Amino acid sequence: MSAPWWQWVASTDSLTARIVSAGGERPFRVRLLRQGVGFPHPHEALALGMAARRYAWRREVALCVDETPWVVARSVAPLKALRGQCLENLGERSLGSWLFLQPDLVRGPLYATRHAPGFTFPGDASSLWGRRSVFQHGCQHGGLSLLVQEYFLSTMADDLALPSR
């Protein structure tokens with residue numbers, strides 16, 4: 001992985017804030033693609049330590065600059081752990097706007113991948129890099145485990161003149 005990509009993939013701060021900054025004066029938007037209840041993919045259930053055939057909250061979004069998707073993301077959380085979190089009411093607000101306000105938030109290790117997202121997203125961009133990590137919140141009370149998967153698109157690379165890898 002090239003150094004410019006490493007700075008994006010390995011960052012542990014708010015990806016939304018990084019995109020807004022990199023986009024300059026161009027408008028930023030979270031486009032809600034899908035949200036609802038269903039079964040997680042087997043690898044997602046494994047990452048969350050839950051049975052694959054248990055219901056989960058799933059949310060897919062595109063993080064856009066000038067209406068162009070730069071990043072697509074999929075978040076998954078065990079349904080039973082969502083009580084009182086109000087994540088289903090985020091709409092087109094970024095998940096990071098909620099996550100990074102939680103004082104007891106713990107982020108697990110970041111895992112990078114070159115695999116494509118396991119969901120469809122708008123446009124004809126391809127995924128160049130992806131990453132995922134599990135966030136823990138409220139662990140002392142049973143808490144919430146939330147898997148966040150983010151995929152950096154070729155449109156972002158083109159707009160920022162990043163190398164292909």
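# Rings, charges and two residues to look at

The charged end of Arg114 is placed over the ring of Trp129, 5.7 Å from the ring's centre. Keep in mind as you explore that this is a predicted model. Aromatic rings are a good way in: the structure contains four aromatic pairs. Below you will find some of these pairs, another charge over a ring, and a closer look at Leu33 and Glu150.

**Aromatic pairs**

- Among the four aromatic pairs is the one made by Trp8 and Phe152, whose ring centres are 6.4 Å apart; their planes meet at 65°, so this pair is edge-to-face.
- This pair joins distant parts of the chain, as Trp8 belongs to helix H1 (residues 3-9) and Phe152 to strand E7 (residues 144-153), 144 residues apart.
- Both partners, Trp8 and Phe152, are buried.
- Another pair, Phe39 with Tyr55, is stacked, with 4.8 Å from centre to centre and 15° between the planes.
- Phe39 sits in the loop between strand E1 (28-38) and helix H3 (42-48), while Tyr55 sits in the loop between H3 and strand E2 (56-65), so their pairing ties together parts that are 16 residues apart in sequence.
- Phe39 has a relative accessibility of 26%, so it counts as partly exposed.

**Around Trp8**

- Trp8 also belongs to an aromatic cluster, together with Trp5 and Phe152.
- A charge joins the picture here too: the charged end of Arg18 sits over the ring of Trp8, at 5.6 Å from its centre.

**Leu33, in strand E1**

- Look for Leu33 in strand E1, where its relative accessible area of 25% makes it partly exposed.
- Setting aside residues up to four places away in sequence, Leu33 touches Glu60, Val61 and Ala62, as well as Thr120, Phe121 and Pro122.
- For a sense of distance, the C-alpha atoms of Leu33 and Leu162 are 26 Å apart, and the two residues are separated by 129 residues along the chain.

**Glu150, in strand E7**

- Is Glu150 buried or exposed? With 10% relative accessibility, Glu150 counts as buried, and its place is in strand E7.
- The side chains of Glu150 and Arg131 make a polar contact at 2.6 Å.
- Not counting neighbours within four places in sequence, the contacts of Glu150 include Leu15, Val71, Val72, Ala73 and Arg107.
- Trp129, Gly130 and Arg131 are also in contact with Glu150, and Trp129 is the residue whose ring has the charged end of Arg114 over it.

Technical notes: Residues are numbered from 1 along each chain as its sequence is written. This is a predicted model: local features need pLDDT of at least 70, side-chain atom pairs count only at pLDDT 80 or more; totals for chains, interfaces and linings use all residues. Side-chain values use heavy atoms; hydrogens and water are left out. Rings of Phe, Tyr and Trp (its six-membered ring) pair if their centres lie within 6.5 Å; planes under 30 degrees apart count as stacked, over 60 as edge-to-face and the rest as tilted. Helices (H or I, at least four residues) and strands (E, at least two) are DSSP runs, numbered from the N terminus. Buried means under 20% relative accessible area, exposed over 50%, partly exposed in between (1.4 Å probe, protein chains only). A charge sits over a ring if NZ of Lys or CZ of Arg is within 6 Å of the ring centre and within 35 degrees of the ring normal. Contact means heavy atoms within 4.5 Å. A polar contact is a pair of N or O atoms within 3.5 Å; within protein, one must be able to donate a hydrogen and the other to accept it, and residues adjacent in sequence count only if both atoms are side-chain atoms.
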